[in-house]
Amino acid sequence: MDKSYQIKNYMEHIVFSQMKDILKDLHVCTCDKCVYDIAAIALNELPSKYIVSERGELYSKVERLMQQFEVDVMAAITKAAELVKKSPRHEAKGG
C-alpha cells in the first residue's frame, strides 16, 4: 500500500475547529479531559465522513463537507457540552 495516502474522518477536524467558540459561549470547563469528552460524545452522534488525504493535503471536497454539516456539528457539540457540564469526569479543582 502507498503510505503517502491517509484516510481521515474529516468530521473530527470540523468538530475540533468549531469547539473553541461554541464552548466559550456555553461557559463549560475547557480542560483537556472535558474537551476530549465533549468531542468524543459529539463525534459519536455525527456520521463519519472519511476522506483521503495525500501527504497531509485535503481535497477540495472538504470545504463542501464543512458547510453541509456545520449546523449538525454545532448541535452535537452543544448537546455533548451540556452532558459533560452536568457530569464532568475530571478531578475537582481547587480546595
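Reader: Why are helix 1 and helix 2 called oblique to each other?

Author: In this predicted model, the axes of helix 1 (residues 10-26) and helix 2 (residues 32-45) come within 10 Å and cross at roughly 125°. Angles of 65 to 115 degrees count as roughly perpendicular and those over 145 as roughly antiparallel, and the crossing falls in neither range, so helix 1 and helix 2 are oblique to each other. The crossing of helix 1 and helix 2 is right-handed.

Reader: Which residues of helix 1 and helix 2 meet, and what makes up their contact by class?

Author: From helix 1, Met11, Glu12, Val15, Phe16, Met19 and Leu23 meet Val35, Tyr36, Ile38, Ala39 and Leu43 of helix 2. By class, this contact of helix 1 with helix 2 has 10 nonpolar residues, 1 charged residue and no polar ones.

Reader: Why does Asn9 count as buried?

Author: The relative accessibility of Asn9 is 15%, and buried means under 20%, so Asn9 counts as buried. Asn9 lies in strand 1 (residues 5-9), and, leaving aside residues up to four places away in sequence, Asn9 touches Ser48, Lys49 and Tyr50.

Reader: What does the side chain of Asn9 reach?

Author: The side chain of Asn9 reaches the backbone nitrogen of Lys49 at 3.1 Å, a value that lies within the 3.5 Å set for a polar contact.

Reader: How do the elements of the chain run from the N terminus on?

Author: The chain has 3 helices and 3 strands, which run β-α-α-β-β-α from the N terminus on. Of the 95 residues in the chain, 33% are buried.

Key. Residues numbered from 1 in each chain as written. Predicted model: local features only at pLDDT ≥ 70, side-chain atom pairs only at ≥ 80, totals over all residues. Heavy atoms only, no water. Helix = DSSP H or I, 4+ residues; strand = E, 2+ residues; numbered from the N terminus. Buried < 20%, exposed > 50% of the residue type's maximum accessible area, 1.4 Å probe, protein only. Polar contact = N/O pair within 3.5 Å; in protein donor to acceptor, adjacent residues only side chain to side chain. Contact = heavy atoms within 4.5 Å. Axes fitted to C-alpha atoms, helices over the stretch in contact; angles between N-to-C directions. Parallel < 35°, antiparallel > 145°, perpendicular 65-115°, else oblique. Left-handed = near helix turned anticlockwise from the far one by under 90°. Nonpolar A, V, L, I, M, F, W, Y, C, P; charged D, E, K, R; others polar.
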